[in-house]
Each structure stands twice: as structure tokens, then as C-alpha cells.
Amino acid sequence: MVKPRKEGATRRRVLSISLYATLAVVLVASAPLWLAAAFLVGLARRRSFIVLRLLLFGTFYFSFEIFTLLRIAMVCIRFRRSPDRLQTRIVALQGWWAGTIMGVARGLLQLDFSIEGLEQATPGPAILLIRHASILDTLLPSVFIQRPTGWRVRYVVKQELLADPCLDVAGHILPNYFVDRTGDTQRELAGIRALAADLGTDGVLIFPEGTRFSEQKQARVLQRIARETPALLPRAEALEGVLPPKLGGVTTLLDELPEVDCVFLAHRGLERFAKIHDLLSGEVVGETVHVRIWRVRADEIPRDDDARVRWLFDQWDHVSAFVTNRAR
């Protein structure tokens, strides 16, 4: 995935917006051609017309991004002298953007969602720790938690998401932090630490794995743990379907927010959205996405460093058990 530079926002946004606008125009203008071709491919492949569904989604997505950017611009102009009202409107716009994208994806791919423990997510403040399997799971908190409740959540997300112009523009109006996963570790942890300051009743969200799961990534992570923290290797090797949690970002948040509860969000059913060839199999059509949410009170979280690492791996064992659909 392309990793845009954090610096030079104007140049970055000119490039990304131009690319998205061009793709939207090309897809809309060529729709009669690809609609017919994708329909014939669907008849021949017998895979739920997945190519047609993805092209329809792509056309919607790139066009919707440009439309949303126009709405963001109008909100910024209207509320430029009122920072608090501007953030409130952008939060609402963020929920509308995520909900619309998820709604279209659900309709085109016939997705169903089963959510357990939704009442555990709020109220704030809270640290949200979410399993990462695909780009679509970044929308889950906004769609199912933030938008219905109006709760504000600050995001710790990877720098690569700056390639999405809406996430770039709105994400810098609101308090979020885009992590450079290959950058200076102390600088990135300082950015996460600053994000947690003055949290109030907000939430702060982090993906403890740091990247999407794959067996190749799992092997690399286990090799690194064996080399750097061998005592954790047995716990890491016991996890199935998830990567071991990275300690840096999570422990930084726990250090900065010792009186704040932790909310865990595990899910399964979005794994086939991680790679193009999995999507093209057509098996995602009609998928049921299962989500489980649970809360751990601040006074149940150990303060000792070693005990806290064991606690985090215990919680991630629960995530792993849910992902692999085994009793825990």
C-alpha cells in the first residue's frame, strides 16, 4: 500500500483528490462498457457476479469521496470561525460518510452483521482495542458505536490511510494520529501520547496488531518476538487467526490513561476483504460478520508492567478464540 508523506499536505491532497476524481470520471463515463462486460464475466465465472459488484462499488466509492470532500469544504467555510462547532459537524459528517459506505457495501455484497455486547462500548472515556483484518473494519466503530451514540473517538491509524482524501482532510480537522510504522518509534509514541491528552469523555482507538493478519505476517512477527522478547513467544504462538498485540502503542495509552476502561472489539467475517484475489473469489457475497464487544474496567487492569502484558495477551486470547469460533 502506498505510504504518503505526512509532510506536504497540499501536494499530497492535490495528488490524491486528482486521482480519485479521475477514477470517478473514467468509471462513470465507461459504465456502459464495463457493465456489459462484467455481466458477461459473471455469467461465465458463476461467482456471484463479484466483478460487477466490485466495479459498482468502486464507481460509487470514488464518486462519493469527491462529493463528501465538497461537503467537508462547505462545512469548513461555514464554521471556520467556530472550532467547536466545526468539529461537531465534521464528527457528524464522518459518521454519515462511514455509514453510507458501509451501507452500500452491505447492499451490494449482501452482508449481514451480528453484534454482541454493543452496550459495553459506551460511555466514555475508553480505550478501544480492535482486531484488524481488512480496510472495512476501520468503519465498524464509526458505524455501530459513534454514529448512533454521538460519541467522539480519536483514532490511531496507519499513515497509509492518508491516501484516502476524506480520511486525510477530515482526519486532520479532528484529533487523530497517523502512525508511521517504519518511522522513529519514540516520535510515533510521543504522537500517541499527545493524542491521549485531555481525553475528557472521548474514546481513543488503536489496532493493537498494527497491521492486517496474514500467515506470512504472522511468521515474520513470531521470528521478531523470538529474537527480541523470547519470553513472550509461547503466548504469541498460541494465538490463532490474529497477530500478537504490539506493546508500544497500547502500553503508552495505558500509561497515559490509567483511570480509563478498555473496550475490546473482536470480529470475524471480514477476512476475505484483505486481498483482491480473496474478493474476486465471490465468497464474500452473503457473508455474515460477527462482532463481539466487551469492557474491562480500569481497576481490573494491572499496573505492573509484566502483569499488564500478561493481561493484554489474555484479552487477545479471547479475540483469537472468537475469530476462530472456538469456545473460550
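**Note on salt bridges and a surface patch**

1. Leu-43 is partly exposed, its relative accessible area being 45%, and this residue belongs to helix α2, which spans residues 31-45. Together with Phe-39 and Leu-40, Leu-43 makes up a nonpolar patch on the surface, for which the combined accessible area comes to about 300 Å². The model is a predicted one, and the points below should be read accordingly.

2. Over the whole structure, a search returns 23 salt bridges. One of the pairs joins Arg-12 to Asp-168, with 2.8 Å between the closest N and O atoms. This contact links distant parts of the chain, since Arg-12 sits in helix α1 (residues 9-29) and Asp-168 in helix α6 (residues 165-173), 156 residues apart. Arg-12 and Asp-168 are both buried.

3. A salt bridge also brings together the side chains of Arg-235 and Asp-314, at 2.8 Å from N to O. Arg-235 is part of helix α9 (residues 233-238) whereas Asp-314 is part of helix α12 (residues 305-323), and the pair therefore ties together parts lying 79 residues apart in sequence. Arg-235 is partly exposed, with a relative accessible area of 24%, and Asp-314 likewise counts as partly exposed, at 32% relative accessibility.

4. The side chains of Arg-227 and Glu-228 meet in a salt bridge as well, with an N to O distance of 4.0 Å, which coincides with the 4 Å cut-off applied to such pairs. Arg-227 and Glu-228 are both exposed.

5. Finally, a network of salt bridges links Lys-6, Asp-180, Arg-187 and Glu-188.

How values were computed: Residues are numbered from 1 along each chain as its sequence is written. This is a predicted model: local features need pLDDT of at least 70, side-chain atom pairs count only at pLDDT 80 or more; totals for chains, interfaces and linings use all residues. Side-chain values use heavy atoms; hydrogens and water are left out. Patches are made of residues with over 30% relative accessible area and no salt bridge: like charges are joined within 9 Å, nonpolar side chains (Val, Leu, Ile, Met, Phe, Trp, Tyr) within 5 Å. Accessible areas come from the Shrake-Rupley method with a 1.4 Å probe; for residues, only the protein chains shown count as cover. Helices (H or I, at least four residues) and strands (E, at least two) are DSSP runs, numbered from the N terminus. Buried means under 20% relative accessible area, exposed over 50%, partly exposed in between (1.4 Å probe, protein chains only).
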